Every structure is written in structure tokens, then in C-alpha cells.
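Trainee: Please take me through one helix contact closely. Then connect it to the parts around it, and to other elements worth comparing.

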Amino acid sequence: MIRLDSISLAYGGRHLFKEVSLQLERDGCTGIVGANGAGKSTLLKLITGELAADSGDIETARGTTIGVLAQEAVIDLHRPVVDVAADGAAALAETGRRLEGARDALGRAPRGSEEEAAAVRAVGELETAWEAMGGYRLRADAEAVLLGLGFSVAELERPGSVFSGGWRMRVALARLLLGKPDYLLLDEPTNHLDMDSLRWLERFLKDYPGALVLVSHDRWFLDRLCTRIVHIDNGRVDSYTGNYTEFARARRVRREALEQAARNQEKQIAQTERFIERFRYKATKARQVQSRVKALAKVERIELDADDDTFSFAFPTPPRGGEEVLRMEGIHKNYGDKRVLEGVDVTLRRGERVALVGVNGAGKSTLCRIAAGQIEATAGTTALGYNIEAGFFAQEQSETLDPSLTVLQTLEEAAPAGYPVPLRTLLGGFLFRGDDVDKRVSVLSGGEKNRLALCRMLVRPANLLILDEPTNHLDMRAKEVLQQALLGYEGTLLVVSHDRAFLDPLVEKVIEIGQGKVRHLPGTLSEYLARKDEEDRARESAAGRDSGAQPPGERVRRRKDRAEIRRRLAPLRTEAARLERRVTELEEHVAALEAAMADPESYRDAEAAKARAEDHARSKRDLDAALAAWENAHTEIESLTENGEA
């Protein structure tokens, strides 16, 4: 167990944490969420002892092991990455080094000497310990983890120095996973991972034997793994049971109740202030005035979370273009001797919303840059349709910003006349708040420049948007703002992103790129991922057939069973989704009624109050029934899924 008791920490007069208490058990998965700069990474550093709190205590049970993946991981750059990863099993690695030393000593000892006898005993004892600890599986385990994280077999023996920062982070993650500490603290572990690696990491972490603590802006990842969400805002830490979606729903209800309470409080404060002002100078009311002044001074104002400010924006209406927006035929692209694209054909039609997916290095960014006219193909043709205006965003777009302009001037220069959203408000949605808009581009960080480049592109009217990793450096709120705007966008969209929660509601088609080729798959991202899971199972089944693991009749029976389970699951999942929407509607309705009923003013109209009470009782009954039906549906889904591995 790890316990934080009344922790406070301030930087430059700003309180990151004020009297925070938190307990982390030795099982389950806790997600740490909050706006950029709220203190998520700092909380992990407090837990590990890298930072000391200004006040309060942090207690860790004796013998507890903690492993942490920081955003800037460091690895040995001179050794093969498989050896670096294997070092994660520290006790095992140390036993292995001692075993090698004992074997060397045995080789040097004179035959028949006491020194030789002692070396034989040492080798025997260490070999027994090494085997018991799983030493003979260590290298195979290290290889399996690295392969799961996207390395090829040929890359396992290469030194860390030949890999980029993102791949070195994967080595650090593999080293940490192999160590299996009691508490595994991961700070943005999904950064730099493609979808295949994300899917592998999720499966690995679901079976992790210890406690997980995740800092992440990846909503899908948090939903799949977390059993608890800790939210940091304005120096306060609040804990919620469930995954991120359940946290967001509970927080929305809490927010509505707080807003109602804040309105009631403001009304009471205003009444008190009017009384004080009216009778301040009347001697006969002096005692009552003083009493109210004292009471007013003791009032604790209700504060709403800073990162809950509502904001949205809409794209300018794009010019209408032709039915065929983009045609790419026979696209080849080489970088020296390396062929990235080989005879690729892509056609986009008006209004299509397409996700471009594939492992890192497969050529997604290259294909986007060719489509946007940023680079030329080695062979093949690319053509935009009639009256098509393309908007393109990639990480290097920040290099095109004028360093002499301010943030606000950059947007003013790009926005068309009469843009419907105040530019300061738009910049606030992308984390440029207050005086940030007056900063020169030259002093911005790399992440800030990327956000500004994205914002600049979004205000320009275009009927084709090509977005390469647009959610990098955005927090949850900014992602949701961008996602809602793209849902209302009337043009054609081609987007590269590893953020599955961001992509899923946006796209209706997936283009998968790999080994220089593309595969066109209609459907949402969820349907694409389900197909990938089915393909994985088919490959595993084929591997089992090749090894004679299952008799033919058993394989046929299992295929029929899985098909029947999928047939039964489809209507159940549809009904569960409908019930979930119904539960949400009823929860929101009940919360609104309870907020109204908490206001004494609502009882002035007796008939309305009675109707409201009846509506509340009826809605509560409906909510209980909907929840019971939803739980039954999910119980049946889980049963079918577990029994049939569907």
C-alpha cells in the first residue's frame, strides 16, 4: 500500500497540491487525469520520492517495489536492446551476472583444488536459483515483449543508439514491464506507440499481477484498463470509481449539481449584501448587519473546476468541390534504397471520412505528404478534384510559423474576415490562455508551436483536410473540442492518429498501410479493430493447426460455436448501448430534478413542487429498471464473451 497524507506542494506561489490525501492499493488500475500542467507527472514524482512535498507524509509498505516510466526515459545506448530490456528483471539479471562470474571462476580454478570445489558448489547453487527465477525464459520473455511493442527480430540485437527517441522509450517500457514491480507507474505510455503496439500493451497490462497507475490523455486506453480515476484540478485531488467514461458521466452530474449550488449561493450572497448595504447606517439594525457581515466572511465560495469551461468552434463552410476529391494511382516512394510505398492507389470522394492506420514507419505520413503536394512520389500520379482546397497539418508544420509574430497575430493573419468565433476564445480551446496569446512564436516550445500550427490551419476554409497526428500535445478537453468541430465539418477528411477514442466517431472507412501496400476497409475504427482481433485469433488458430494442437473436428466445432456466439452478441450489444443511453438520460433528468428540489424557492408553487416530486419518484423507478436491464445485458455479454472468446 502507498498512502499520501495531507500532501501540499507549491511552485512559484502556485499550489499544485493543497492538503491532498490519497491511498493506492496493491491491485487494480488507477488513471491520473487532469489538464496539462495540473500536476499529474509531479504526483508520480512525489510517490517515487523524486520530489519532496512541502508538507504532509507519504508512506509505502515495507518491501514494496515501484517502477516508473517517465516521459524522458534513459537507456544504455551501447548494448543490444534485448539485453537492455532483460535488465528490467533486476534480481534475475544480478543472479545471471553472478552465475557468469562463478562459471568464469570455475574455469580458472586448478583441477582438484578446494577453489574448484567451492566454485562447483557456487555454480550449482546459482544455476538452481537462476532456473527457479525463470532465468532460462528471461531472454525469450524480453524478445516477446519487444516484439509486442513493434520491434522486428532483426532489430533485437541492435544497440539503442541506432533508434529514435520514441523507440528508445519502448525499450525503457519493455525493461520496466519485465521487472514486474508491485506498483507500475506509467507516464503517457501510449505516446509513440502505433495501434498494433497499443493493442498488445493493453492485453499485457490487463494481466499485470500488481497495481497500475497511469497518466494518460488516451481515453480509450483508460476505458479499457482503469478501475478508478483520480482527477487533479486546482490543487485538489478527487477519486472516482470506474473507468474514464464512468468518471466523465459522474463528473458531469456533479458539475451540474455544483452549478446549481453555486447559483443558489450567489443568490443568497446577493440577498445578504443588499441587506447589509440597505441597513448599514441604521443603528437599530447594527446587530443584524454585523451578524450578516461575519456570516458572509465565513462563506466558502463554491469553485468550479477550471478545466471544465465550455467551449466549441465550427469550421468555416468549405467551398463545394467535385465529387472526386483526390485520386492517387500507382504511387511508389523510395528513400534511397528503402521502398516505403509500392503501387498504392487511393481515391477519396466528397464527404468521406477516412482513417489512415498502420505501424510506425509504414508510410502513413509519407502518403499524406504526397497527397497534400508537400513531396513528390517516385512514381505514380496524384490529382486533386475540381475546386478542391486542401488543408494539411503535420508535425513539421510548426516550422512554417513566422517567429516574429505573436500567437494572436498568427491566427489573425490566417483567419478569414468575419470568422464566427473570437480568436482569443479559439486559442483558449487549444491551451493558449490569458497572456499566452501575446507570446512571440520564437519563444514557444515545440508542443506549443504544433498546437498553434493546427489552430492556424483549422480557421482556413478548405474542403479537404489531411491531418497527421493532430491530437499530439492536446489534453482531453482540447481533443474533445477538435473532435466536436470535425464531427460538424462538411468537407472530406483524411486523418492519421493513434488516438482511438478520437478517431472512432469521426471515420467511416479505414485505409491500412503496411509493407508498401494499402488495404481499404469500410466501417468505423471499432469495426476495424474487431476485425484485427478476429484476424489475430485466426492466425493463432492456424498456428495451433500447424502444430497439431487441435484435432480437425474440434476446430470445426469451435468455429461454429464462435459464429453462433457472435450472432447472439450482436443484438445484445445493440440493446446494451440503447440501455446505456437511456440510463444516461434518466441520470441527467433525475440530477436536474434533485437540483431543483434542493432550492427552497422551488416550493413556492405547491402544484409544481408536487408534480416535480412525482416526476422524480417515477424517474427513479425507471432509472432502477433501466440499470437492472443494462446490468443483465452486460452479464450475458460477458458470459458469452468469456465462454466463447468472442
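**The H6–H7 contact and beyond**

Mentor: Helices H6 and H7 cross in the left-handed sense. Keep in mind that this is a predicted model. H6 covers residues 165–179 and H7 covers residues 195–206. Their axes come within 13 Å and cross at roughly 15°. Angles under 35 degrees count as roughly parallel. H6 and H7 are therefore roughly parallel to each other. On the H6 side, Arg170, Leu173 and Leu177 make the contact. On the H7 side, Ser197, Trp200, Leu201, Phe204 and Leu205 make it. Sorted by type, the contact residues of H6 and H7 are six nonpolar, one polar and one charged.

Now look at the loop leading to H7. Thr190 sits in it, between strand E6 (183–187) and H7. Is Thr190 buried or exposed? Its relative accessible area is 11%. The cut-off for buried is under 20%, so Thr190 is buried. Setting aside sequence neighbours within four places, Thr190 is in contact with Leu198, Ser216, Asp218 and Phe221. Of these partners, Leu198 lies within H7.

Past H7 comes strand E7, residues 211–215. E7 pairs with strand E3 (residues 29–33) in the parallel sense, over four bridges. In this pairing, Cys29 stands opposite Leu212 of E7. E3 also pairs with strand E8 (residues 228–233), again parallel and again over four bridges. There, Ile32 has Val230 of E8 as its bridge partner.

How well covered is E3? Five of its five residues are buried. Cys29, Gly31 and Val33 lie on one side. Thr30 and Ile32 lie on the other. Both faces of E3 are covered.

Stay with E8 for Arg228, which is found in that strand. Arg228 and Thr30 are 198 residues apart in sequence. In space their C-alpha atoms are 4.8 Å apart. Leave out residues up to four places away in sequence, and Arg228 touches a list of partners in several stretches of the chain. Leu22, Gln23 and Leu24 are among them, and these belong to strand E2. Cys29, Thr30 and Gly31 are also touched, and these belong to E3. The list also includes Ser239, Tyr240 and Gly242.

E2 takes us to another sheet. This open sheet has three strands in the order E2-E1-E4, paired antiparallel. E2 (14–24) and E4 (55–60) stand at the edges with a single partner strand each, so one side of each has no neighbour in the sheet. From one strand to the next, the twist averages 20°. E1 (residues 2–11) is joined to E4 by five bridges. Arg3 stands opposite Glu59 of E4.

A helix lies over these strands. H1 (residues 40–48) lies across E1, E2 and E4, and runs at about 125° to E1. Lys40, Thr42, Leu43, Leu44, Leu46 and Ile47 are the buried residues of H1. Just after H1, Gly49 takes a positive phi of about 85°.

For a second helix pair, turn to H3 and H4. H3 (residues 90–108) and H4 (residues 114–132) pack at about 155°, with axes 9 Å apart. Angles over 145 degrees count as roughly antiparallel. H3 and H4 are therefore roughly antiparallel to each other. H3 passes H4 in a left-handed crossing. From H3 the contact takes Leu92, Thr95, Gly96, Arg98, Leu99, Ala102, Arg103, Ala105 and Leu106. From H4 it takes Glu116, Ala119, Val120, Ala122, Val123, Leu126, Glu127, Ala129 and Trp130. By type, the H3–H4 contact residues are twelve nonpolar, two polar and four charged.

Last comes a strand further along the chain. E12 (residues 353–357) has five of its five residues buried. Arg353, Ala355 and Val357 point one way, and Val354 and Leu356 the other way. E12 pairs parallel with E16 (residues 492–496) over three bridges. Arg353 stands opposite Leu493 in that pairing. Four bridges join E12 to E17 (residues 509–514), also in parallel. In E17, Ile511 stands opposite Leu356.

Definitions and conventions
Residues are numbered from 1 along each chain as its sequence is written. This is a predicted model: local features need pLDDT of at least 70, side-chain atom pairs count only at pLDDT 80 or more; totals for chains, interfaces and linings use all residues. Side-chain values use heavy atoms; hydrogens and water are left out. Two strands pair if DSSP finds at least two bridges between them. Helices (H or I, at least four residues) and strands (E, at least two) are DSSP runs, numbered from the N terminus. Axes are lines fitted to C-alpha atoms, for helices over the stretch in contact, and angles run from 0 to 180 degrees between N-to-C directions. Contact means heavy atoms within 4.5 Å. Buried means under 20% relative accessible area, exposed over 50%, partly exposed in between (1.4 Å probe, protein chains only). Angles under 35 degrees count as roughly parallel, over 145 as roughly antiparallel, 65 to 115 as roughly perpendicular and the rest as oblique. A crossing is left-handed if the near helix is turned anticlockwise from the far one by less than a right angle, and right-handed if clockwise. Ala, Val, Leu, Ile, Met, Phe, Trp, Tyr, Cys and Pro count as nonpolar, Asp, Glu, Lys and Arg as charged, and the others, Gly among them, as polar.
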